[in-house]
Number of protein chains: 2
Amino acid sequence: MMVEHELEGRKREILKAIIREHILTAEPIGSRTLAKTYDFGVSSATIRNEMSDLEDMGLLKQPHTSAGRVPTDKGYRYYVDVLMEHESKHPKNLQRSLARFYEDKKGIQGIISGMTRMLSQLTEYTTLISEPEMQKSSIKKMEIVKVAARTLLVVLITDSGIVNNKILKINHDVGSRELEYINKFLSNKLQDKELNSLDQDFFTSLEEELIKRIDISRKLFEIISEELEKIITPADMRIFLGGTSYILEQPEFNDLENLKKVLNILDNEENLRELIKELPDEDLEVKIGQENKIEAMKKCSIVYATYHLGDNAVGKIGVIGPTRMQYPQVISTVDFAADILGQIISKVGR
Amino acid sequence: MMVEHELEGRKREILKAIIREHILTAEPIGSRTLAKTYDFGVSSATIRNEMSDLEDMGLLKQPHTSAGRVPTDKGYRYYVDVLMEHESKHPKNLQRSLARFYEDKKGIQGIISGMTRMLSQLTEYTTLISEPEMQKSSIKKMEIVKVAARTLLVVLITDSGIVNNKILKINHDVGSRELEYINKFLSNKLQDKELNSLDQDFFTSLEEELIKRIDISRKLFEIISEELEKIITPADMRIFLGGTSYILEQPEFNDLENLKKVLNILDNEENLRELIKELPDEDLEVKIGQENKIEAMKKCSIVYATYHLGDNAVGKIGVIGPTRMQYPQVISTVDFAADILGQIISKVGR
DNA sequence: GTTAGCACTCGAAGTTGAAGAGTGCTAATA
DNA sequence: TATTAGCACTCTTCAACTTCGAGTGCTAAC
């Protein structure tokens with residue numbers, strides 16, 4: 001199946017031209033049009049023959065007899081992997097827009113939300129950013145504060161500067177001494193621990209130790225550790241979505257049926273989480289059409305990158321569009337955005 | 001303009017029938033159809049005359065000659081205000097679904113997010129819920145915690161149980177004594193204060209007093225009070241949106257132009273905030289078509305209610321659909337949902 | 001290996017005509 | 001006087017038909 005890597009020069013150029021043209025027009029490309037706009041030095045008939053070969057290889061297809069050719073997913077894949085010329089320059093206006101972020105102090109979520117909007121405006125596609133996962137971070141500080149009778153607030157801060165908190169209802173009141181003790185004890189035990197090392201076993205052993213030392217209600221500790229676990233698991237990690245309406249600009253989604261399917265996914269944060277979980281932690285990846293596991297996404301491409309906060313927490317940033325996508329620009333923009341986003345958040349955190 | 005209130009019986013019944021029928025079919029309603037499906041005891045010709053009168057009053061209109069009639073915004077308004085029969089019963093399955101919420105302990109945002117999804121599923125329209133505004137709440141507890149060198153965490157808890165926190169970067173380090181003092185001082189001063197009474201003047205006077213008592217860096221206090229103000233202002237109050245894709249089910253949005261306009265509003269949280277600000281604090285209100293101030297919404301209706309947390313914080317909960325909307329069901333559902341939402345959140349908070 | 005030429009295919013777009021739904025008006029009716 | 005039957009007229013929708021152009025594949029010649 002790796003025949004394509006040996007594509008001779010002219011076939012390469014023709015495929016490249018077809019894909020470029022199709023990305024611009026969203027129309028099937030015919031041999032005559034191609035011969036006229038590009039100068040291959042051969043006639044349309046020859047191009048026709050080449051195109052027929054490319055079709056046999058599965059890189060092109062015809063929507064129907066007597067229409068021009070359209071790239072297949074495989075064609076796009078080959079384009080992205082081999083043919084495409086990468087844009088190395090990042091537009092000046094991007095850098096300028098970024099300045100704003102440094103001034104803002106709206107917290108991590110504000111930054112991500114702003115970045116979502118910006119990326120979607122730059123690419124003119126729908127954009128998706130996940131909050132940084134905390135799994136790989138370690139705990140910098142954790143504190144339980146009593147905020148009212150039978151109400152505690154657990155605050156957790158990681159070394160990447162992410163804050164998480166949770167209100168805790170308990171049945172019996174806790175004395176402030178007791179709480180102080182628990183705080184000290186937990187601080188000691190949890191300091192600098194990696195979050196993903198805190199499993200059920202860990203908590204059980206903690207509990208045993210704590211019970212030995214102090215006459216603390218077992219029930220109370222159970223609640224605390226249970227809640228701590230919940231905070232840590234990224235089950236309800238927020239996903240930021242922007243530029244949904246750009247989808248409507250794409251001619252391939254003029255078909256309401258398709259549109260519905262895709263919007264149904266985007267509509268629901270649960271589905272988005274699902275979608276993001278599917279994506280392996282690559283620095284930069286492109287999922288083209290059928291390569292997506294979720295049914296409704298099989299007519300879309302996703303260009304995504306993983307952004308890093310130091311060496312720890314990571315999140316995803318991605319762009320969703322039709323398989324006919326402006327890959328060079330989008331890839332370069334997403335790549336850059338991931339880089340910048342990591343930097344900005346890291347600065348806020350530290 | 002209040003002529004309509006004296007609409008004679010038959011005209012009322014005909015208008016009601018037309019609106020009902022149109023809500024179901026989304027088609028213009030003709031006199032013959034009406035005469036056949038409803039039994040008014042008169043012929044289609046008579047109905048035709050009545051319809052003509054109703055059109056003169058601005059309650060109906062014809063999309064074109066020789067089409068049936070369609071209700072105008074004014075017609076719907078009259079329907080909602082006068083003709084409509086309210087559904088008083090709340091469906092059993094709603095009550096059942098609610099049980100789930102009580103078990104969840106995902107915090108206020110989780111509850112709202114869940115409620116958003118539920119309401120959109122029940123009504124089959126797009127749903128919108130705003131976080132409770134804190135303006136009218138008072139402060140129950142506020143505490144500044146030092147989480148790292150030159151990093152403070154401000155935690156604020158209101159009497160309606162809303163927690164807000166913010167990370168604070170400062171230039172110089174603060175001693176823990178200093179902090180303790182500030183905490184005590186602020187606790188005293190802020191306890192039970194209403195949030196909307198905390199204006200610039202208040203902070204200035206606080207500052208003066210504090211400076212007298214302790215040798216605290218003026219700069220530090222400025223930062224703290226500034227940030228406190230930011231926490232309080234609802235500038236970036238979150239809006240939860242659900243069921244966007246239901247819009248696609250509505251035949252009136254088969255026109256891509258319309259659809260784009262509306263989705264553009266929904267796409268952007270900023271716009272949604274704008275939208276919600278437009279809505280006065282009524283217990284339950286319906287904005288029909290042209291009554292909406294935002295251009296893109298002039299083909300939509302919004303049914304919304306204000307939900308309460310005790311007597312204090314309030315938020316909005318609403319449903320967006322075409323002007324041809326299932327008003328009776330939606331109104332009753334939104335009303336009920338607002339009620340329930342207030343209750344649930346209050347319980348979590350207390 | 002390349003190309004010109006040609007028959008063939010298919011979709012897009014425009015045209016026409018018939019069917020159907022609905023109206024408004026008028027004159028007859030209860 | 002309010003109601004109704006009847007009829008001419010208007011307008012949309014839909015299907016059938018046509019035309020046009022873009023594109024292909026194949027063949028034979030270069």
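Reader: What makes up the atoms of DNA strand D within 4 Å of the protein: sugar and phosphate, or bases?

Author: Of those atoms, 75% belong to sugar or phosphate, and the rest belong to bases. Please keep in mind that this is a predicted model.

Reader: Which residues come nearest to DNA strand D?

Author: There are 21 residues around DNA strand D, and A:Ser31, A:Arg69, B:Ser43, B:Thr46 and B:Ser66 come nearest. By class, this surface has 13 polar, four nonpolar and four charged residues. Its largest share, four residues, comes from H3(B).

Reader: What makes the pair between A:Arg69 and DNA strand D a polar contact?

Author: The cut-off for such a pair of N or O atoms is 3.5 Å. An N or O atom in the side chain of A:Arg69 is 3.0 Å from a phosphate oxygen of DNA strand D, so the pair is within 3.5 Å and counts. A:Thr33 offers a similar case: an N or O atom in its side chain is 3.0 Å from a phosphate oxygen of DNA strand D. With A:Ala67, a polar backbone atom is 3.4 Å from a sugar or linking oxygen of the strand.

Reader: Which residues come nearest to DNA strand C?

Author: Here too there are 21 residues around the strand, and A:Thr46, A:Ser66, B:Ser31, B:Thr33 and B:Arg69 come nearest. Sugar and phosphate account for 80% of the atoms of DNA strand C that come within 4 Å of the protein. A polar side-chain atom of A:Thr46 lies 2.5 Å from a phosphate oxygen of DNA strand C, while A:Ser43 places a backbone N or O atom 3.0 Å from a phosphate oxygen. From the other chain, a polar side-chain atom of B:Arg69 lies 3.0 Å from a phosphate oxygen of this strand. Helix H3 (44–56) of chain A, helix H2 (31–37) of chain B and helix H3 (44–56) of chain B are the elements that give two or more residues to this surface.

Reader: Why is the relation between chain A and chain B called a two-fold axis?

Author: Chain A superposes on chain B by a rotation of 180° with 0.1 Å of shift along the axis, with an RMSD of 0.1 Å. That is the relation of a two-fold axis. In chain A, the C-alpha nearest the axis belongs to A:Asn165, 4.4 Å from it. The same surface serves both copies, as 97% of the contact residues of chain A recur in chain B.

Reader: How many residues of chain A and chain B are in contact?

Author: 36 residues of chain A are in contact with 36 residues of chain B. The area buried between the chains is about 3,000 Å², and carbon and sulfur atoms give 55% of it. A:Leu248, A:Lys260 and A:Asp267 supply 17% of the area that chain A buries against chain B, more than any other three residues.

Reader: Why is B:Arg324 called buried?

Author: Buried means under 20% relative accessible area. B:Arg324 has 7%, so it is buried. Its place is in the loop between strand E10 (314–322) and helix H12 (327–349) of chain B.

Reader: What does the side chain of B:Arg324 make a polar contact with?

Author: It makes one with the side chain of B:Glu252, at 2.8 Å. The side chain of B:Arg324 also reaches the backbone oxygen of B:Ile23 at 2.6 Å. Beyond its neighbours within four places in sequence, B:Arg324 is in contact with residues including B:His22, B:Tyr76 and B:Tyr125.

Definitions and conventions: Residues numbered from 1 in each chain as written. Chains lettered and ligands numbered in written order. Predicted model: local features only at pLDDT ≥ 70, side-chain atom pairs only at ≥ 80, totals over all residues. Heavy atoms only, no water. Least-squares fit on C-alpha atoms with pLDDT ≥ 70 in both. Contact = heavy atoms within 4.5 Å. Near = heavy atom within 4 Å. Polar contact = N/O pair within 3.5 Å; in protein donor to acceptor, adjacent residues only side chain to side chain. Buried < 20%, exposed > 50% of the residue type's maximum accessible area, 1.4 Å probe, protein only. Buried area = accessible area lost by both parts, 1.4 Å probe. Nonpolar A, V, L, I, M, F, W, Y, C, P; charged D, E, K, R; others polar.
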